[in-house]
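Colleague: Could you pick one part of this model and take me through it closely, then carry on to the rest? Please keep the cut-offs in, since I'd like to know what each word stands for.

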Amino acid sequence: MLLVEQEQFLSYNGEVLIFQLSKTKHMEGAADKTVNLRVRRMAFNRDTKLFVQKSSGVFSMRASHLKMEIICCSCTTDSRTGIILPCILMKKKKKNNVVKYLLLLLHNSNQFEQSFHFKLDYELKEDIRLITGPSVLWRHANKLFYISSNTCTVLSAPVQLSSVVWTGEIEDEGTVVLGIRTACLPESEDEDEFSTSDRAIWGSEFFGYAIETQKILTGTCFMPHAYSRVVSSVYICKNETLKKQLQISLVAITHKNQLIWFQDGLPKGVCELPYEKPCSVKTAIISSNDLLFVVSFASGNVCVVQRRDSLQVASKWQKVKSVLVDDFIGSGSEQLLLLFKDDSNTDVLSTFEITDLGEVNYASGINYKHDVSAAEELQENGLLTVQALETRLQAGRTSVRELQQHLGLKKKVILESCRALINLVEERTHILPSAKEVKCRREYRSLLNSAEPFEGLVSLWDDVENPPHSLSKETSLASKVAEHFKEQLWQRVVGDSLVVGVKLTESFYLSLRDVSLSLVMDQDFSSISPIIECRNKIIKLNKAFSALAVSSCPIEPPPKKMKLDLHSEKDLRKECPKRCSRVQLGGAKTVVAVTSLSPLLAFHRVCCIVLLHAKKQKHQNDSLQDSKMITVLCGKILLSLEDISNGKYSVKMLRDNSYCTGSMEDILAVLAVSVRFSFQIVSSDCTLTPVNSWLLGEMECTPFKECHDNIFCHKAGNVYGTVFNWTLKNPFEGVLTLFCRNLTVLFQCLHSLTRVLPPSCDVKLLRSGSKGVLTEQLALALEKEMLTLRSSFFSKESKAENSLTWGSEPGKKISDAPMASLLDSEEGVQQFRKKLQNEREESVLSMNQTMNGARYQEIALKIAEAQLSSDMIVWRLS
């Protein structure tokens with residue numbers, strides 16, 4: 001037979017946990033051997049309006065010659081997992097005044113776990129709290145003690161306090177205990193007079209103690225010290241740190257039967273409570289997002305204070321056994337569960353009330369049969385809602401089908417355009433569909449109204465037999481320049497990337513700008529686009545192989561929201577064509593395209609056409625002028641899974657007599673798939689000789705046979721394949737450039753480097769481009785910006801000067817007679833007045849001219865291009 005000795009209630013995830021401590025009663029004369037801690041999980045059923053048991057669990061303990069007791073229970077965070085779990089503190093009283101305490105955790109499987117236990121020579125009675133860890137905190141003999149699952153040792157805080165009014169988490173401080181202690185008047189004179197006098201009058205003060213950092217927090221950020229003699233409990237609603245200043249909102253209950261609201265240490269509102277001896281306060285956020293303060297009293301009464309314009313008592317109850325706050329009905333907001341005292345019924349959840357002081361209001365002992373009609377009405381409304389949703393679903397399906405047909409038509413247009421491009425480059429005749437019966441627009445409209453898309457496409461040229469003159473002219477231009485432009489076409493496989501490179505002749509490369517490559521599959525795939533997505537890079541190796549750089553698409557400053565086709569490089573070349581030509585003579589002639597390899601291997605064997613796109617430049621009067629865009633056929637590459645498996649296109653970087661024997665194509669392929677980072681290393685105390693030793697020793701690097709300044713890392717692991725370039729400006733300053741696969745490799749290399757560098761070294765990430773070249777480009781860009789502004793202004797002014805004759809009538813010129821002679825007669829005065837009036841009108845016309853919209857747009861675009869070019873160079877220099 002089980003005899004219930006104790007009961008405790010706890011809310012957890014919308015459920016009510018009932019902890020019952022019971023022991024088994026044996027025959028007379030036999031001693032009790034076992035004590036059971038039983039938990040029942042109760043959930044509210046909205047159909048029956050009753051609490052039903054979902055599950056249960058039992059924890060058995062040996063209780064020979066012991067007296068068991070539940071001290072308290074609460075929901076705390078398990079530091080091992082970060083999950084909030086129910087926590088129960090148990091007490092076993094032994095002989096010789098030794099008391100043993102157990103802290104138990106309850107898991108979702110209803111299994112109890114003993115977190116830790118400890119022994120004391122006294123009983124816990126004052127300010128017992130369960131906090132994060134789980135940890136137990138209590139006050140004894142005006143001292144603060146605590147023990148956690150990590151230490152399992154009772155620790156004492158170096159503070160004296162007369163009471164604990166709150167424990168919890170505060171931002172940037174961790175677990176904090178808010179308490180009251182005897183005022184400690186400082187001897188220093190820099191303390192504020194109000195705080196000193198206040199504590200001298202009241203004799204006590206608030207203070208906060210951070211357990212993890214053992215830091216004392218000033219009590220005035222919570223509330224003035226004058227309230228320390230009357231406050232019995234506190235609940236902190238919000239805490240945050242702004243500009244290193246702690247800001248706190250809290251409510252406090254006092255021995256004067258008041259509830260006071262404090263904001264940043266100042267009282268903002270007060271409410272008189274309806275009962276005496278308030279003992280605790282908690283909060284609830286209901287469906288209307290209103291904040292309720294639930295105050296419990298020692299007499300078993302409960303009241304709710306609502307905070308709107310002012311603090312007011314919204315409701316109150318008597319003979320309450322326990323009050324819990326949680327989302328018991330599953331509505332997404334919190335409600336109050338009031339358990340009332342009922343001696344006539346042994347079931348603990350037989351007399352209850354669930355309310356949020358609004359729409360939610362459930363109480364035990366009420367017949368809910370009258371709710372049937374409301375339920376039927378709710379069901380009818382649900383049926384109508386489902387029908388409306390079905391209609392919207394059908395409309396959505398129709399829209400999706402039309403969109404799919406539209407995308408199908410677009411896809412066919414793109415595929416046909418790709419075929420036409422391939423035929424154009426290979427100088428084959430491409431036959432466009434005829435438009436004798438229907439036009440493109442009619443086909444598109446018919447397509448949207450039919451279930452199946454049309455298979456045929458019509459010509460966009462409306463039956464034009466011959467291609468435009470410009471098209472045929474450009475075809476001949478492309479075929480003409482394709483004769484002697486390419487030295488080599490190669491391909492490499494690096495990891496999951498395919499690298500295709502085209503080495504151009506120097507003379508041909510110097511006449512191009514905006515160079516890029518495209519890969520187009522030669523097979524006729526009807527289901528996919530033949531154009532392969534890839535990214536382009538131009539890899540520059542000077543003739544002496546003393547420097548190495550990689551450039552891709554121009555980097556844009558982050559603040560710029562609009563990207564314009566500025567052609568800033570072209571503008572700079574126009575300003576200094578000789579200087580730019582000299583830079584290009586040592587420049588690269590290899591254009592590289594990188595694409596993902598795995599999608600291509602799905603076809604097992606694929607043939608790709610390599611196309612080069614560029615702008616052909618021609619020299620005229622010592623300046624550069626752009627021609628139309630050209631597309632040149634570079635050749636074809638064949639890719640098969642068998643060749644890749646045999647390593648036919650793999651990069652081979654082997655060691656041979658302290659050198660790396662990789663070919664120039666292998667070097668370019670590794671650089672193409674790598675990301676470039678440059679770091680300036682400056683040492684003020686000692687030379688930078690450890691960097692070279694680190695590269696050749698720990699990183700196992702060997703220089704390329706083709707370019708000794710660039711070295712290849714052979715060290716096993718993620719860093720294998722990284723390329724380094726170490727350039728010393730002087731023994732105390734150098735630039736280290738890394739070409740690595742990803743940021744992880746970069747961080748590993750830097751971590752290894754920092755261990756060998758002297759502590760005084762300064763490592764700084766450099767922007768792309770050398771400082772000297774960027775400075776020169778900035779000067780040219782600023783000069784161009786100034787010239788653009790001046791030319792735009794003077795073109796407007798010259799037009800104004802030419803229009804000054806608008807106010808004069810043709811054929812009637814004012815004589816240049818002296819002013820005195822004109823004023824001698826009435827006729828002369830009239831003539832002078834007319835001349836003055838004409839000049840005034842001409843002046844007004846010259847100052848209030850309107851500008852043509854196209855002209856204004858042209859001027860604004862030129863100014864924006866010049867300013868954006870200089871802004872970009874400034875950003876790269878910063």
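Modeller: Let's start at the turn where L242 has Q245 in β18 as its bridge partner. Before going on, a word on the ground rules: this is a predicted model, so local features need pLDDT of at least 70 and side-chain atom pairs count only at pLDDT 80 or more, while totals for chains, interfaces and linings use all residues. Residues are numbered from 1 along each chain as its sequence is written, and side-chain values use heavy atoms, with hydrogens and water left out.

Back to the turn. β17 (231-242) and β18 are antiparallel partners over 10 bridges; two strands pair if DSSP finds at least two bridges between them. Strands here are DSSP runs of E with at least two residues, helices are runs of H or I with at least four, and the numbering starts from the N terminus. The β17-β18 hairpin has 2 residues between its strands, and K243 takes a positive phi near 55° there. On the other side of the story, β18 also pairs with β19 (258-263), again antiparallel, over 5 bridges, with I253 standing opposite L259 in β19. The hairpin of β18 and β19 has 3 residues between the strands, and this time N257 takes the positive phi, near 60°.

How enclosed is β18? Of its 10 residues (245-254), 8 are buried, so the strand is largely enclosed by the rest of the structure. Buried means under 20% relative accessible area, exposed means over 50%, and partly exposed is in between, with a 1.4 Å probe and protein chains only. Helix α10 (664-672) gets a similar verdict: 9 of its 9 residues are buried, so the helix is largely enclosed by the rest of the structure. Among them are M664, E665 and D666.

β17 also covers the numbers 231-242, and K238 makes a salt bridge with E240, with the closest N and O atoms 3.8 Å apart. The rule is a side-chain nitrogen of Lys or Arg within 4 Å of a carboxyl oxygen of Asp or Glu, and it gives 16 salt bridges. K238 is partly exposed at 49%, and E240 is partly exposed at 25%. K215 and E173 also meet in a salt bridge, at 3.3 Å from N to O. K215 lies in β16 (215-218) and E173 in the loop between β13 and β14, so this pair ties together parts that are 42 residues apart in sequence. K215 is partly exposed at 39%, whereas E173 is buried at 14%. D78 and R80 come to 2.7 Å, N to O, with D78 buried at 3% and R80 exposed at 54%. There's a network too, linking E15, R41 and K54 through salt bridges.

Now for another sheet: β9-β10-β11-β12, an open sheet of 4 strands with antiparallel pairing. Its edge strands, each pairing on one side only, are β9 (126-131) and β12 (155-160). The twist averages 20° from one strand to the next, taken from axes that are lines fitted to C-alpha atoms (for helices over the stretch in contact), with angles from 0 to 180 degrees between N-to-C directions. β11 (143-148) and β12 pair over 3 bridges, and F145 has S156 in β12 as its bridge partner.

F145 also leads us to the rings, as one member of an aromatic cluster with Y101, F116, F118 and W138. Rings of Phe, Tyr and Trp (its six-membered ring) pair if their centres lie within 6.5 Å; planes under 30 degrees apart count as stacked, over 60 as edge-to-face and the rest as tilted. The structure holds 15 aromatic pairs. Y101 and F118 have ring centres 5.3 Å apart and planes at 20°, so they are stacked. Y101 is in β7 (99-106) and F118 in β8 (112-120), so the pair ties together parts 17 residues apart in sequence. Y101 is buried at 0%, and F118 is buried at 5%. F712 and Y720, by contrast, are edge-to-face, 5.5 Å centre to centre with 90° between the planes.

Last, charges over rings, where NZ of Lys or CZ of Arg must be within 6 Å of the ring centre and within 35 degrees of the ring normal. R307 lies over the face of W261, 4.0 Å from the ring centre, and the charged end of R181 sits over the ring of F207, 4.6 Å from its centre.
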